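This report describes selected local features of one protein structure. Please keep the sequence and the three-dimensional view at hand while reading.

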Amino acid sequence: MSASTLAKFIVSSLNLIAALSQTATNGASLLGTLQAPKLPEFLTSNPLPAGFPWGTKTATNSNPYTQSPNTGVTRYYNFNIQRGQIAPDGYQKNVILINGQFPGPTIEANWGDMISVTVNNNIAGPEEGTSIHWYVLLQTQTPWYDGVPSVHQCPIPPGKSFTYTFKADLYGTSWYHAHYSAQYAGGLLGPMIIHGPKIFKYDVDVGPVFLSDYYHRDYFDLVKQVMGNESSPVVFSDNNLINGKMDFNCSTVTDGTPCTNNAGLSKFNFQTGKTHLLRLINAGADGTQQFSIDNHVMTVVANDFVPVQPYTTKIVTLGIGQRTDVLVTATGNDTTSVFMRSNLTCTPTNQPDALAAIYYPKANTNTRPQSTAWQPNSTYCGNDPLAQTVPIFPITPAPNPAVTQVFDMGLEVNSTGHSLWTMNQVSFRGNFNDPILLLAKSGNTSYPYDPEWNVYNLGTNQTIRFVVNNKTPFWHPMHIHGHNMYILAEGDGAWDGTIVNPNNPQRRDVQIVRPNGYMVVQIDNNNPGVWPFHCHIAWHLAGGLYANIMLRPSDIRKMNIPSTFSQTCRDWADFTSTTVVDQIDAGT
Ligand SMILES: *[C@@H]1O[C@H](CO)[C@@H](O)[C@H](O)[C@H]1NC(C)=O
Ligand SMILES: *[C@@H]1O[C@H](CO)[C@@H](O)[C@H](O)[C@H]1NC(C)=O
Ligand SMILES: *[C@@H]1O[C@H](CO)[C@@H](O)[C@H](O)[C@H]1NC(C)=O
Ligand SMILES: *[C@@H]1O[C@H](CO)[C@@H](O)[C@H](O)[C@H]1NC(C)=O
Ligand SMILES: *[C@@H]1O[C@H](CO)[C@@H](O)[C@H](O)[C@H]1NC(C)=O
Ligand SMILES: *[C@@H]1O[C@H](CO)[C@@H](O)[C@H](O)[C@H]1NC(C)=O
Ligand SMILES: *[C@@H]1O[C@H](CO)[C@@H](O)[C@H](O)[C@H]1NC(C)=O
Ligand SMILES: *[C@@H]1O[C@H](CO)[C@@H](O)[C@H](O)[C@H]1NC(C)=O
Ligand SMILES: [Cu+2]
């Protein structure tokens, strides 16, 4: 079905009220309903020095990377991870849920709090390991809690629990997701919001707007296709969701799977004349999203965890993992209702268009909006120009880095017809039983028999530049853990040495690299650990488009890694001594 037929189908539908209950579509989650709580400016359950949990620190008087506050408060969460069956878009599907919710619970904390999440792996029938990545807090002094199996920890075995404790050291909009194989495409993900200094005035925090491409097939089945040599390795998404909801045309289902038309769209309220903060998050597996609101203009105020000088736009582009905070003034009247849209672009999909409804106070919330979309002026699917995105807190990166590391991204088909994604000719494959950070802690920083671990030990070099050359005809959202990268340049072809905004370049933790293009980024070496640097497209990551950046191993040796890590590795070894883990992909 074409996008425009789908739109007509939805608008002309007689079934104005969602055909399925919230429980049937999203389990115990309230996201996407008018009952979803609006977010507070900050959590008030702790002392408020100078009126704020973070005292007198502001976005402009404190370096976000070195001067985060310590509130002395810990926010506790308990995650029970289990298989379940839901129908987010009407198509009934086996998924993995956190506390019965899809999307998973929203984690909230104040800047400077500690967050402690106990993850209980109750995945059974069949059993699977898991681990969760907290996207992307710096994990300074706690690099082991970054959550990547075979790098930071052994997977949490079925039937076991593991507690992550880390600092909310940056503030803004983010998410968390399973980092075990492509498990997050099976449902293991949720929003994470860190409240911090308010930089721009707004009246209502609408909360997370979670955008995700969606697959009806089981995630492991998709990984098998991607990693196999039997058919094309390209998988197509079936739908596109906003806060876990969208409709689907069930006539296209031919295999007898239960499916209901008009499952229901996500709904939001706008207050006439007020300014609303929307926290856009691309939490998909593959697709770049172009987000817009009919008849409304948006003001971008942050990209990833980095507040930026505001600029207005009608369309925001987000690669996988990217977040953008936008302010939207409700310029309609009391009865206005409009569509929020997110379109998959430059991405293999059978249904690219996600819709949600925004209702003003006196609009009938049981009818669909009738508004029409902004027409895009260009088909470009990269991020906004670097010249346009200027951080509020300026930092000038060192002009002459101590070391420049070149990465060539490649795609090759080996002699048995398997497609492999590579960073400098190496297709990453981790070993669940032997995490690299734990080896580094014991003083072992070289892995001559394991070149596929793709470790770059950059020692104590103060500043490190990466020149990334994309030798493939595909878009890739490149992501680093433990850092915000200075994005010095990006473009087509090869880098000519020019740096955009050299005194205060854009910083973020994901940047889209163009097909056959380049990206030049830089990091400061102030966070000892082993940090994944990878494409965030789940299918490319599965195929090995990944490198490990090892920083300051002599400092790693001095750190005290909690004993729960060796216990989890012993438990994982026990589990794998009786169960063969079918690791067909990179593993992370
Ligand atoms: C739904 O899909 C069927 C099968 O592809 C198609 O014939 C039909 O036109 C679609 N319905 C609408 C309203 O687009
Ligand atoms: C309110 O705005 C809608 C468009 O959103 C318009 O169709 C309608 O006529 C307006 N109503 C009034 C009373 O101005
Ligand atoms: C999104 O898709 C709709 C329906 O196909 C289209 O009208 C709209 O222009 C698209 N918006 C963007 C930003 O691409
Ligand atoms: C397209 O360009 C025109 C002219 O510059 C501008 O007014 C309009 O807002 C643009 N549309 C979008 C969707 O950005
Ligand atoms: C697929 O790979 C297997 C080995 O993994 C090989 O035996 C088989 O011949 C390959 N099939 C094709 C069509 O290349
Ligand atoms: C090709 O890659 C696949 C997936 O990594 C691997 O299983 C297979 O053994 C490789 N084939 C050869 C000939 O090395
Ligand atoms: C370091 O660890 C790797 C991977 O386990 C192993 O192959 C290598 O022998 C170890 N080196 C030393 C010196 O122990
Ligand atoms: C800097 O990095 C290079 C690898 O690019 C490494 O060989 C060298 O030892 C590092 N220097 C220091 C001082 O750690
Ligand atoms: Cu990629």
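The loop between β2 (93–98) and β3 (107–110) contains Pro103. The structure is a predicted model, and in it the peptide bond from Phe102 to Pro103 is cis, with omega near -10°. A second cis peptide bond joins Gly125 and Pro126, where omega is about -5°. Pro126 is found in the loop between β4 (114–121) and β5 (132–135).

**Positive phi angles**

Two residues that are not glycine have a positive phi. One of them is Gln139, whose phi is near 55°; the other is Asp304, with a phi of about 55°. The table gives the location and accessibility of each.

| Residue | Phi | Loop | Relative accessible area |
|---|---|---|---|
| Gln139 | near 55° | between β5 and β6 (161–167) | 2% |
| Asp304 | about 55° | between β14 (298–303) and β15 (306–313) | 2% |

Are these residues buried or exposed? The term "buried" applies to a relative accessible area under 20%. Gln139 has a relative accessible area of 2%, so it is buried. Asp304 likewise counts as buried, because its relative accessibility is 2%.

**An open sheet of five strands**

Strands of a sheet pair through backbone hydrogen bonds, in either a parallel or an antiparallel manner. In this model, five strands form an open sheet with mixed pairing, in the order β11-β19-β18-β13-β16. Which strands stand at the edges of the sheet? They are β11 (266–269) and β16 (316–318); each has a single partner strand, so one side of each is left without a neighbour in the sheet. On average, neighbouring strands of this sheet are turned by 25° against each other, direction ignored.

The edge strand β11 pairs with β19 (residues 353–359) in the parallel sense, over four bridges. Within this pair of strands, Phe268 stands opposite Ile358 in β19.

**The copper site**

Which protein residues are donors of the copper ion (ligand 9)? They are His476, through its ND1 atom, Cys535, through SG, and His540, through ND1. These donors lie 2.0 Å from the copper ion. In sequence, the donor residues are spaced H-x58-C-x4-H. Both Cys535 and His540 are buried.

Key. Residues are numbered from 1 along each chain as its sequence is written. Chains are lettered from A and ligands numbered from 1 in the order in which they are written. This is a predicted model: local features need pLDDT of at least 70, side-chain atom pairs count only at pLDDT 80 or more; totals for chains, interfaces and linings use all residues. Side-chain values use heavy atoms; hydrogens and water are left out. Donors are N, O and S atoms within 2.8 Å of the metal (3.2 Å for Na, K and Ca); water is not among the atoms, so sites may look incomplete. Buried means under 20% relative accessible area, exposed over 50%, partly exposed in between (1.4 Å probe, protein chains only). Two strands pair if DSSP finds at least two bridges between them. Axes are lines fitted to C-alpha atoms, for helices over the stretch in contact, and angles run from 0 to 180 degrees between N-to-C directions.
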